[in-house]
Amino acid sequence: MALYKKALAMGSDWEGAIALLDQALAVQPENSQILTAKIGALLQMGRWEDAVATSDALVKTDPSSPSFWLVKIACLQSPETILEVLNEAISINPMSVPLHLRKVQQLIAMNRNEEAEKVSNIIDLFSSFLT
């Protein structure tokens, strides 16, 4: 964890931070904090493909974690790919309100309002079960 903390303290030296995070990942390859920090540094540098690859590793550590899927989605640029990944995440986490909410946002951004309304209704149904 010392390498992780040192990487976080590097400020905007993203290359240096990534080098330290890679060293930390060599010891703890499934550490979600280190993977998430590396994704953030990669995104800061505009290294989208590397961020996506690292987010794949993050999701593999715990596919049931909606937050890991949301990190992966933040790395994606294609609206259709975002929607595909959301559908995959929801198939694994069908009761995840955050994933469904993000899907509604994506559908609205894509002007697919009827579909967004249907997903929104699903969220309302979830809410009625939770209260």
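1. The crossing of H3 and H4 is left-handed. In this predicted model, the axes of the two helices come within 9 Å and cross at roughly 165°. Angles over 145 degrees count as roughly antiparallel, and H3 and H4 are therefore roughly antiparallel to each other.

2. The H3 side of this contact consists of Ser 32, Leu 35, Thr 36, Lys 38, Ile 39, Leu 42 and Leu 43. These meet Trp 48, Asp 50, Ala 51, Thr 54, Ser 55, Ala 57, Leu 58 and Thr 61 in H4. By class, the residues of the contact divide into 8 nonpolar, 5 polar and 2 charged.

3. Leu 58, one of the H4 residues in that contact, deserves its own point. Its relative accessibility is 0%, and with under 20% as the limit for buried, Leu 58 counts as buried. Leaving aside residues up to four places away in sequence, Leu 58 touches Ser 32, Leu 35, Thr 36, Ile 39, Phe 68 and Val 71. Among them, Ser 32, Leu 35, Thr 36 and Ile 39 belong to H3. Leu 58 also lies 8.4 Å from Trp 69, C-alpha to C-alpha, with their positions 11 residues apart in sequence.

4. Asn 31 sits in the loop between helix H2 (14–27) and helix H3 (32–44). Is this loop residue buried or exposed? At 14% relative accessibility, Asn 31 counts as buried. Asn 31 and Ala 57 are 26 residues apart along the chain, and their C-alpha atoms are separated by 9.8 Å. Ala 57 is among the H4 residues that meet H3.

5. On the overall make-up, the protein has 8 helices and 0 strands. Read along the sequence, the pattern is α-α-α-α-α-α-α-α. The C-alpha trace spans about 45 × 30 × 20 Å along its principal axes. Of the 131 residues, 37% are buried. Among contacts between residues at least 6 apart in sequence, 38% join residues at least 24 apart.

6. A second helix pair to look at is H6 and H7. Two packed helices are described by the angle between their axes and the distance between the axes. The axes of H6 and H7 come within 10 Å and cross at roughly 155°. That makes H6 roughly antiparallel to H7. H6 passes H7 in a left-handed crossing.

7. In H6, the residues in contact with H7 are Pro 79, Ile 82, Leu 83, Leu 86, Asn 87, Ala 89 and Ile 90. Their partners in H7 are Leu 99, His 100, Arg 102, Lys 103, Gln 106 and Leu 107. Sorted by class, this contact has 8 nonpolar, 3 polar and 2 charged residues.

8. Next come the charged pairs. Side chains of opposite charge can pair when their charged atoms come close. How many salt bridges does the model contain? The count comes to 6 salt bridges, and the points below take up some of the residues involved.

9. Arg 47 and Asp 50 meet through their side chains in a salt bridge, at 2.9 Å from N to O. Arg 47 is partly exposed, with a relative accessible area of 28%, and Asp 50 is partly exposed as well, at 34%. Salt bridges link Glu 15, Arg 47 and Asp 50 in a network. Asp 50 also appears among the H4 residues that meet H3.

10. Lys 72 forms a salt bridge with Asp 56, and the closest N and O atoms are 2.5 Å apart. This pair links distant parts of the chain, with Lys 72 in helix H5 (residues 66–74) and Asp 56 in helix H4 (residues 48–61), 16 residues apart. At 12% relative accessibility, Lys 72 counts as buried, whereas Asp 56 is partly exposed, with a relative accessible area of 27%.

11. Which residue meets Glu 80 in a salt bridge? The partner is Arg 112, with a distance of 3.6 Å from N to O. The two are 32 residues apart and link distant parts of the chain: Arg 112 lies in the loop between helix H7 (97–109) and helix H8 (113–130), and Glu 80 lies in helix H6 (residues 79–92). Arg 112 is partly exposed, with a relative accessible area of 26%. Glu 80, at 43% relative accessibility, counts as partly exposed.

Note on methods: Residues are numbered from 1 along each chain as its sequence is written. This is a predicted model: local features need pLDDT of at least 70, side-chain atom pairs count only at pLDDT 80 or more; totals for chains, interfaces and linings use all residues. Side-chain values use heavy atoms; hydrogens and water are left out. A salt bridge is a side-chain nitrogen of Lys or Arg within 4 Å of a carboxyl oxygen of Asp or Glu. Buried means under 20% relative accessible area, exposed over 50%, partly exposed in between (1.4 Å probe, protein chains only). Helices (H or I, at least four residues) and strands (E, at least two) are DSSP runs, numbered from the N terminus. Axes are lines fitted to C-alpha atoms, for helices over the stretch in contact, and angles run from 0 to 180 degrees between N-to-C directions. Angles under 35 degrees count as roughly parallel, over 145 as roughly antiparallel, 65 to 115 as roughly perpendicular and the rest as oblique. A crossing is left-handed if the near helix is turned anticlockwise from the far one by less than a right angle, and right-handed if clockwise. Contact means heavy atoms within 4.5 Å. Ala, Val, Leu, Ile, Met, Phe, Trp, Tyr, Cys and Pro count as nonpolar, Asp, Glu, Lys and Arg as charged, and the others, Gly among them, as polar.
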